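Reader: I would like a close look at one part of this model. Please take me through the sheet and what packs on it.

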Amino acid sequence: MTDSASPGRDDEHIHATRAYYDDFSDRYEARRGGNDPGGYHDLVDDLEVDFVRRFGLGGDLLEVGCGTGLLLQRTAAFAKSAKGVDLSPGMLARAKERGLDVAEASATELPFPDETFDVAYSFKVLAHVREIERALAEMGRVVRKGGFLIAEFYNPSSFRGLAKRLGPPGEISASKDESHVFTRFDSPDQARAYAPPGTRFVAARGVRIVTPVAAALRIPFVGAALRRAEWLLCDSPLRRFGGFWIGAFRKENTG
Ligand SMILES: C[S@@+](CC[C@H](N)C(=O)[O-])C[C@H]1O[C@@H](n2cnc3c(N)ncnc32)[C@H](O)[C@@H]1O
């Protein structure tokens with residue numbers, strides 16, 4: 001996918017995404033963060049946080065699209081410092097209640113000087129950004145040389161991609177469902193091509209590779225087996241079939 005947005009269209013897009021997540025913020029954690037122990041969302045979050053730890057232990061971290069701060073709270077526990085930005089005041093209100101260092105900003109215009117962080121990471125966010133290459137370039141700009149960008153994409157070639165194409169949109173509030181937000185799907189090859197100049201692909205992880213539907217994780221024994229399989233396979237060649245494909249890119253020391 002490529003972007004061909006005019007400034008006017010982009011403002012509208014950003015406005016609609018903000019409104020969507022402001023609406024969603026009341027229910028966002030209904031099945032997350034211990035509200036559904038061992039559930040699907042916790043598995044996804046655990047695999048994401050674990051991947052950040054690999055690159056970000058003891059570093060200065062930025063979460064782009066931190067939402068309610070569920071992940072940021074966890075990465076802050078192993079970082080030297082941790083900041084977050086998000087478009088939605090509704091989502092950020094919860095992050096602020098958690099005492100996190102967060103600010104309202106768009107991924108496409110990060111309010112930080114060049115080379116401020118060791119790692120900039122983003123989960124379940126870039127799929128809602130039309131100007132995805134601009135957002136990745138911004139992440140690259142604020143990362144120090146030798147540091148890392150960690151970016152997650154929605155993969156069309158996956159059980160999740162199939163379910164999203166064929167199934168009804170999920171409800172996120174009394175008046176809205178998932179059809180009210182722009183969502184893009186990018187294959188791992190497309191995702192790698194978006195990496196900003198001066199960065200090099202170093203690693204990938206697939207999340208939700210073999211879990212056909214989220215509800216399968218609730219089935220006794222089957223759920224435990226799927227959970228185990230997801231952890232076993234997340235860094236294997238099958239990662240390219242993860243519903244969420246996470247790429248890590250290193251900012252080169254040169255230049
Ligand atoms: C599905 S939530 C993910 C939140 C968090 N990363 C997590 O994993 O729990 C997506 C978040 O991305 C934010 N978002 C969407 N587009 C954005 C943009 N252009 N800039 C900053 N945040 C954005 C939304 O406001 C929302 O909080």
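Author: Start with one pair in this predicted model. Glu152 stands opposite Ile246 in S7. That pair belongs to a longer run of contacts between strands: S5 and S7 are antiparallel, and seven bridges join them. S7 has another partner too. Eight bridges connect S6 with S7, and these strands also run antiparallel. Here Ala204 has Gly247 of S7 as its bridge partner. In general, strands of a sheet pair through backbone hydrogen bonds, in either a parallel or an antiparallel sense.

Now look at how covered S7 is. Seven of its eight residues are buried. The strand is mostly covered.

Step back to the whole sheet. Seven strands make it up, and the sheet is open. Read across, the order is S3-S2-S1-S4-S5-S7-S6. The pairing is mixed. Two strands stand at the edges: S3, residues 101–104, and S6, residues 199–207. Each has a single partner strand, so one side of each is left without a neighbour in the sheet. On average, neighbouring strands are turned by 20° against each other, direction ignored.

For a parallel example, go to S1 and S2. S1 covers residues 60–64 and S2 covers residues 81–86. Five bridges hold this parallel pairing. Within it, Leu62 has Lys83 in S2 as its bridge partner.

Next, the helices. H2 spans residues 40–56 and packs on the sheet. It touches S1, S4 (117–122), S5 (143–154), S6 and S7 (244–251). The direction of H2 makes about 155° with that of S6.

H5 is the other helix to find. It takes in residues 132–142 and lies across S1, S4, S5 and S7. Its course runs at about 150° to S5. Which residues of H5 are buried? They are Ile132, Ala135, Leu136, Glu138, Met139, Gly140 and Val142. The cover over these buried residues includes S1, S4, S5 and S7.

Finish with the cysteines. A disulfide is a covalent bond between the sulfur atoms of two cysteines. This structure holds zero disulfides. Are Cys66 and Cys234 buried or exposed? Cys66 has a relative accessible area of 5%. Cys234 has a value of 2%. The cut-off for buried is under 20%. Cys66 is therefore buried, and Cys234 is buried too.

Note on methods
Residues numbered from 1 in each chain as written. Predicted model: local features only at pLDDT ≥ 70, side-chain atom pairs only at ≥ 80, totals over all residues. Heavy atoms only, no water. Pairing = 2+ DSSP bridges. Helix = DSSP H or I, 4+ residues; strand = E, 2+ residues; numbered from the N terminus. Axes fitted to C-alpha atoms, helices over the stretch in contact; angles between N-to-C directions. Contact = heavy atoms within 4.5 Å. Buried < 20%, exposed > 50% of the residue type's maximum accessible area, 1.4 Å probe, protein only. Disulfide = S-S within 2.5 Å.
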